[in-house]
Amino acid sequence: MTTPTRLVILTGAGISAESGLRTFRAADGLWEQHRVQDVATPEAFHRDPALVHRFYNERRRSLASVQPNAAHLALARLEREWRGDLLLVTQNVDDLHDRAGSGNLLHMHGELLKGRCLACGTIQAWPGDMDTASRCPACGRGPMRPHIVWFGELPLEMERIYRALERCDLFVAIGTSGLVYPAAGFVAATAPGTRTLELNLESSLVASSFQEARTGLATNLVPAFVSEVLSG
């Protein structure tokens, strides 16, 4: 592999699944035994905020029982040791990349351990439970919602992501299904001549758009890939 100078890495649910977190959505349309439209849309929150809060409280608590795996740690190592320009974009709302040590990181779908005020828009760290009585520590009056991008909402930092995609000479997608847009279209947003690589347990729906696709466990594929890049 020719040593790249500008690298964008996208990670999806597959990388965290190997730490024990369930993937985003099952084939039966359920998300952790809930219909997506009941817990992951602005309309669901308006209709039944208590249910939505309970759902995310359960997911928040589940983070205490999992740890970053070898793939998360390898990407953090790449950031520490590589001299090129690296942006790590994750679709995951967990904090496993953060705990592994990745710093140049964008959570395009939000973060489970943060809340957002519906009155002033302030984003706050929120490691504990949240409910309809929770109020913003900044303004003292606004109700809080999970800092999660729901269906029907725009992902975060899209301008920065697309700028990086247009400039990079290597784009890597890890543990993604190719189901969820706009992330599934990132490979098509890279400039001509950009090297593209998919690392996945099985080929994604957009695997044919990549120049190379490797299948296997992320905990095996990602450390090997990082070693390739660091060895030049």
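Here are some worked exercises on the structure above.

The model is predicted, so local features need pLDDT of at least 70 and side-chain atom pairs count only at pLDDT 80 or more, while totals for chains, interfaces and linings use all residues. Residues are numbered from 1 along each chain as its sequence is written, and side-chain values use heavy atoms, with hydrogens and water left out.

**Exercise 1. The parallel sheet**

Work out in which order the strands of the six-stranded sheet are arranged, and which helices lie on that sheet.

Solution.
- Step 1: Start with the terms. Helices (H or I, at least four residues) and strands (E, at least two) are DSSP runs, numbered from the N terminus. Two strands pair if DSSP finds at least two bridges between them.
- Step 2: Read off the order. The six strands make an open, parallel sheet that goes β5-β4-β1-β9-β10-β11.
- Step 3: Find the edges. These are β5 (105-107) and β11 (212-215), each of which pairs on one side only.
- Step 4: Look at the twist, which averages 15° from one strand to the next. For angles, axes are lines fitted to C-alpha atoms, for helices over the stretch in contact, and the values run from 0 to 180 degrees between N-to-C directions.
- Step 5: Check one pair. Three bridges link β4 and β5 in the parallel sense, and Thr90 has His107 in β5 as its bridge partner.
- Step 6: Add the helices, taking contact as heavy atoms within 4.5 Å. Helix α5 (residues 70-81) lies across β1, β4 and β9 (170-174), at about 160° to β1. Helix α8 (residues 218-231) touches β1, β9, β10 (195-200) and β11, and its direction makes about 150° with that of β10.

**Exercise 2. The antiparallel sheet**

Describe the three-stranded sheet, strand by strand.

Solution.
- Step 1: The order is β7-β6-β8, in an open sheet with antiparallel pairing.
- Step 2: β7 (123-125) and β8 (144-148) each have a single partner strand, so one side of each is left without a neighbour in the sheet. The twist averages 45° from one strand to the next.
- Step 3: Take β6 (residues 110-117) with β7, which are joined by three bridges. Arg116 faces Ile123 in β7, and Lys114 has Ala125 as its bridge partner there.
- Step 4: In the hairpin of these two strands, five residues come between them, and Gly121 takes a positive phi near 80°.
- Step 5: Take β6 with β8, which pair over four bridges; Gly110 stands opposite Ile148 in β8.
- Step 6: Finish with helix α4 (residues 49-62), which lies across β6 and β8 and runs at about 55° to β8.

**Exercise 3. The second largest pocket**

Which element gives the most residues to the lining of the second largest pocket?

Solution.
- Step 1: Define the object. On a 1 Å grid over the protein atoms alone, a pocket is an open set of points with protein on both sides within 12 Å along at least five of seven lines, where a 1.4 Å probe fits; lining residues have an atom within 4 Å of a point.
- Step 2: Give its volume, about 160 Å³. Grid points are joined across faces, edges and corners, and a volume is the space filled by probe spheres set on the points.
- Step 3: Look at the lining, which includes Arg6, Asp85, Asn104 and Arg160. Elements giving two or more residues are β1 (6-11), β4 (85-90) and α7 (158-167).
- Step 4: The element sought is α7, with four residues.

**Exercise 4. Buried or partly exposed?**

Is His97 buried or exposed, and where does Glu157 stand on that scale?

Solution.
- Step 1: Set the limits: buried means under 20% relative accessible area, exposed over 50%, partly exposed in between (1.4 Å probe, protein chains only).
- Step 2: His97 belongs to helix α6 (residues 96-100) and, at 1%, is buried. Beyond neighbours within four places in sequence, its contacts include Thr11, His72 and Leu88.
- Step 3: Glu157 is in the loop between β8 and α7 and is partly exposed at 45%. Its phi is positive, near 60°, in a residue other than glycine.
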